[in-house]
Amino acid sequence: MIFSVTTMGTASAMPISDRNPSAQMLNANGRLFLIDCGEGTQKQMRKCHFSFVKVEAIFISHIHGDHLFGLFGLLNSMAMYGRSAALDIYGPQALGGVLNFYKSYFGTEDAFDINFHPLTSRSLEQVHTSKCLTVSAFPLHHKIDCYGFRFDETVTGRHALENPSYKAKSYAYCSDTAPFDELPSYVKGVTCMYHEATYMNEMEEKAAARFHSTAAQAARCALQAGAGRLIVGHYSSRISDVGALLAECREIFPGTEAASDCDVFEF
Ligand SMILES: [Zn+2]
Ligand SMILES: [Zn+2]
């Protein structure tokens with residue numbers, strides 16, 4: 001079974017020439033799940049050869065622009081490509097108003113319904129089930145209401161019979177957050193997790209003031225969670241040497257990889 005993540009945007013608030021703002025695509029056996037949708041996401045989807053109409057659901061972590069500003073363009077393109085299947089969108093309560101604004105000005109003739117599911121999870125809570133996976137949301141510790149997502153593959157009947165030793169895969173997305181005690185338990189034992197690493201360790205004070213994490217904090221979370229692999233991203237525009245940030249992560253969690261735009265991680 002295919003289980004992969006493509007990091008389509010690895011910048012933080014300020015995009016730079018080779019880094020788009022946050023967006024990732026989880027591919028679970030051909031079913032596509034979009035996680036965050038920063039400005040330019042539809043162009044990144046083109047680059048990475050993802051169909052606009054095959055996205056089954058969209059998960060928005062919070063309503064800071066670098067995680068959201070690409071949504072209107074993408075919804076519009078889905079309509080232009082003749083999407084008719086309803087689209088599930090998950091996000092904080094405040095996203096409802098943003099989607100209503102889109103619908104009233106730009107989406108009046110769209111042929112597909114948007115089913116908005118406001119998130120209110122105060123701990124790990126299952127929010128979406130699909131043919132091949134379940135998705136749970138969990139709260140993060142950011143300046144505004146913000147959620148992470150955990151995707152657990154479900155191995156169904158025939159596949160389980162054919163290969164009884166097959167180990168179901170899982171992926172967790174820890175969007176913008178300062179470290180907090182409960183986070184490792186929400187992502188416990190995942191095959192792979194993404195955690196933002198906006199700053200190098202020397203900028204810990206700035207990270208705390210802005211409710212973000214440093215390289216070491218991201219790595220410590222993965223270590224405490226017992227994750228198989230760690231992917232970091234959401235780099236501050238001031239970070240030109242991602243290799244140095246990666247080295248700081250690997251001191252604590254050797255299985256760290258630093259994402260670039262359009263990297264594909266297969267599990
Ligand atoms: Zn951000
Ligand atoms: Zn943010």
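The following exercises, each with a worked solution, concern a predicted model.

Residues are numbered from 1 along each chain as its sequence is written, and chains are lettered from A and ligands numbered from 1 in the order in which they are written. Because the model is predicted, local features need pLDDT of at least 70 and side-chain atom pairs count only at pLDDT 80 or more, while totals for chains, interfaces and linings use all residues.

**Exercise 1. Determine in what order the strands of the sheet that contains β5 are arranged, and which strands stand at its edges.**

Helices (H or I, at least four residues) and strands (E, at least two) are taken as DSSP runs, numbered from the N terminus, and two strands pair if DSSP finds at least two bridges between them.

Step 1. The order is β6-β5-β4-β3-β2-β1-β14, an open sheet of 7 strands with mixed pairing.

Step 2. The edges are β6 and β14 (263–266); each has a single partner strand, so one side of each is left without a neighbour in the sheet.

Step 3. Neighbouring strands of this sheet are turned by 20° against each other on average, direction ignored; here axes are lines fitted to C-alpha atoms, for helices over the stretch in contact, and angles run from 0 to 180 degrees between N-to-C directions.

**Exercise 2. Trace how β5 is joined to β4 and to β6, and give the handedness of the unit that β5 forms with α3 and β6.**

Step 1. On one pairing, strand β4 (residues 55–59) and β5 are parallel over 3 bridges, and Ala 57 has Asp 88 in β5 as its bridge partner.

Step 2. Strand β5 (residues 87–92) also pairs in the parallel sense with strand β6 (residues 114–119), over 6 bridges, with Ile 89 opposite Phe 116 in β6.

Step 3. Together with helix α3 (residues 95–105), β5 and β6 make a β-α-β unit that is right-handed, which means that, with the strands pointing away from the viewer, the path from the first strand over the helix to the second runs clockwise.

**Exercise 3. Describe the sheet that runs from β7 to β13, and follow the pairings of β12 within it.**

Step 1. This open sheet has 7 strands in the order β7-β8-β9-β10-β11-β12-β13, and its pairing is mixed.

Step 2. At the edges stand β7 (125–129) and β13 (256–258), and each has a single partner strand, so one side of each is left without a neighbour in the sheet.

Step 3. An antiparallel pairing is found between strand β8 (residues 133–139) and strand β9 (residues 147–153), which 7 bridges join, and Pro 139 stands opposite Tyr 147 in β9.

Step 4. β12 pairs in the parallel sense with β11 over 5 bridges, where His 195 has Val 232 as its partner in β12; 3 bridges join β12 to β13, again running parallel, and Ile 231 has Glu 257 in β13 as its bridge partner.

Step 5. From β12 the chain crosses through α8 to β13, and this β-α-β crossover is right-handed.

**Exercise 4. Work out how α7 is placed against the sheet and against α8, and which of its residues are buried.**

Step 1. Helix α7 lies across β11 (192–196), β12 (229–233) and β13, at about 155° to β11.

Step 2. α7 and helix α8 (residues 242–252) pack at an angle of about 35° with their axes 8 Å apart, and residues of α7 including Ala 215, Arg 220 and Leu 223 meet residues of α8, among them Leu 245 and Ile 252. Contact here means that C-beta atoms, placed from the backbone, lie within 7 Å.

Step 3. Of the 11 residues of α7, 8 are buried, a residue being buried if 20 or more other C-beta atoms lie within 10 Å of its own, exposed if 12 or fewer, and partly exposed in between. The buried residues are Ala 215, Ala 216, Gln 217, Ala 218, Ala 219, Cys 221, Ala 222 and Ala 225.

Step 4. These buried residues pack against α5 (183–186), β11, β12, α8 and β13.

**Exercise 5. Identify which members of the largest nonpolar core touch the most other members.**

Step 1. A nonpolar core is a set of buried Ala, Val, Leu, Ile, Met, Phe, Trp, Tyr and Cys residues joined through C-beta atoms within 7 Å.

Step 2. The largest such core has 70 residues, and Met 193 and Leu 230 touch the most other members; its largest share, 7 residues, comes from helix α7 (residues 215–225).

Step 3. Leaving aside neighbours within four places in sequence, Met 193 is in contact with Ala 172, Cys 174, Val 187, Ala 222, Ala 225, Ala 227 and Leu 230.

How values were computed: Contact = placed C-beta atoms within 7 Å.
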